[in-house]
Amino acid sequence: MVKIKYLRHPLQTANNARNMFATRLSMWRFARHGARRFRNDPRYDLQNVTDGFKSRIDASSDDDALLERICTAYIRAVNQQKSAPSAYQPTEWWQEVRHRGLGPVIRALLTKDIASLRGMYRNFFRDSCSLGLLAPPFGMAKAYFGSTIKDTHRHFYLSHVLYRFEYWKEQTKGRFALRDLAGPGIGNPFGVLIDGTHINVGAEYAHYCAHRIDSMLDTEFATVAEIGGGFGGMAYYLLRDRPNTTYFDFDVPESIALASYYLIKAFPKLKFLLYGEDELTKKTIADADVVLLPAFELENMPAESVDITFSSHVMSDISPGAMAEYLRHIERITTNCLFLIGKQQGSESISELLNLKEKSFELSETRTSGWHSHKISGAGVGGAAGLAASTMFEQCYTRGHLSRRVRAS
């Protein structure tokens, strides 16, 4: 029997069918290409995907006090955000994400429903509480989180991961082993299991970003700020591998709440400062290891309080007005470098805005990033048009005296 909704919206139904067909065809082609490319690679074992997607929820610890703390900070943040400048209000995209899937976690945070929040956070990576930050391949939750994953889906995902592993190895000049990508096992992560190491989805990119930031720091003790740190993926590797680092994250309240859970669970011995727990001063910053705040708190950061500010995508995706506001405070608080990864158009806008000022920051390095197009270029699917459509830039801005030193070295 044909459902009534399909009769009411025949054009939409036809478009959806065409899109679904194109998606599945792309997956099938990529899976075949990967099977040929990695045919003799011992890592190319479909069981690695099956094992990597097995549920691994850890329910052994008592989270109540932590979840209560996260709820308190979240409620303060959303209440204060109502009166924050427009530059710090959620983008249309994030409002859509909230509407589409964050309703349950927002309700749990606002009402301090600890039991519900515990269930969602312990299952994050797979639960909708991480919507907008993490998702199963092509959004196919049933295909990958069910009892059996079809071979086509396993071929596709394993090919995708191995291409990204190769790119990660190339970009880090072979300095690291796959075991260096192991995560803390917080939540219910999915990915691949290779040689006994579970590697979360997106781990190679997060590790690469942490490695790049580490390479820019030339002192033992350093302070790093991230604009839009998501659930804390990059921060985990940075804090794990560079223990004398103070880390700041400025993001929307929902992401800050999730990052608080992830990072506090991963680093129980570190001292965390959440929103509203203390005044933001140089002393409180010096006393903390990790500071997790809503984006509007950028305004209250002390001048010259961080060595490097980093952002992946967020800075290039916000409105021109918000971009100018963020850059004004980034210039004020950052003493050494501004490291950005983002879309070409947004990256060019940032360069123009910084050039309009007194050149406190100078562009010392620009490179094309292949992280979000490498699975296309590596597999030969989509061709030059597909690659050009997803061009990303990595840009490093340094203070004038530092940029001269970088060019001379």
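Student: How do you know which class each residue in the lining of the second largest cavity belongs to?

Tutor: By name alone: Ala, Val, Leu, Ile, Met, Phe, Trp, Tyr, Cys and Pro count as nonpolar, Asp, Glu, Lys and Arg as charged, and the others, Gly among them, as polar. The lining is made up of Trp94, Leu102, Val105, Leu109, Tyr121, Cys129, Leu131, Leu133, Glu254, Ser255, Ala257 and Leu258. Glu254 therefore goes down as charged and Ser255 as polar. The tally is 10 nonpolar, one polar and one charged.

Bear in mind that this is a predicted model: local features need pLDDT of at least 70, side-chain atom pairs count only at pLDDT 80 or more, and totals for chains, interfaces and linings use all residues. Residues are numbered from 1 along each chain as its sequence is written, and side-chain values use heavy atoms, with hydrogens and water left out.

Student: Why is that space called a cavity?

Tutor: On a 1 Å grid over the protein atoms alone, a cavity is a set of points where a 1.4 Å probe fits but cannot get out, and its lining residues have an atom within 4 Å of a point. Two cavities of 30 Å³ or more come out of this rule. The largest has about 80 Å³ of space, and the second largest about 60 Å³. Those volumes are the space filled by probe spheres set on the points, with points joined across faces, edges and corners.

Student: Which residues and elements line the largest one?

Tutor: Ile70, Ala73, Tyr74, Ala77, Pro253, Ile256, Ala257, Ser260, Leu274, Tyr275 and Pro294 do. Helix 4 (64-81) and helix 11 (253-266) are the elements giving two or more residues. By class, that's 10 nonpolar, one polar and no charged. For the second largest cavity, helix 5 (92-111) and helix 11 each supply at least two.

Student: What makes helix 9 a helix, and how far does it reach?

Tutor: Helices are DSSP runs of H or I with at least four residues, numbered from the N terminus. Helix 9 (residues 203-216) has 14 residues, so it qualifies. From first C-alpha to last, helix 9 reaches 20 Å, close to the 20 Å expected; the expected span is 1.5 Å times one less than the number of residues.

Student: Is helix 9 largely enclosed or open, and how do you know?

Tutor: Buried means under 20% relative accessible area, exposed over 50%, partly exposed in between (1.4 Å probe, protein chains only). In helix 9, 12 of the 14 residues are buried, so the helix is largely enclosed by the rest of the structure. Tyr205, His207 and Arg212 are among them.

Student: Why is Ser316 classed as it is, buried or exposed?

Tutor: Its relative accessible area is 12%, so Ser316 is buried. Ser316 is found in helix 13 (residues 314-317).

Student: What makes its side-chain pairings polar contacts?

Tutor: A polar contact is a pair of N or O atoms within 3.5 Å, one able to donate a hydrogen and the other to accept it; residues adjacent in sequence count only if both atoms are side-chain atoms. The Ser316 side chain reaches the backbone oxygen of His313 at 3.1 Å and the backbone nitrogen of Lys343 at 3.1 Å, so both pass.

Student: And Lys173, buried or exposed?

Tutor: Exposed, with a relative accessible area of 73%. Lys173 also has a positive phi of about 55° although it is not a glycine.

Definitions and conventions: On a 1 Å grid over the protein atoms alone, a cavity is a set of points where a 1.4 Å probe fits but cannot get out, and a pocket is an open set with protein on both sides within 12 Å along at least five of seven lines; lining residues have an atom within 4 Å of a point.
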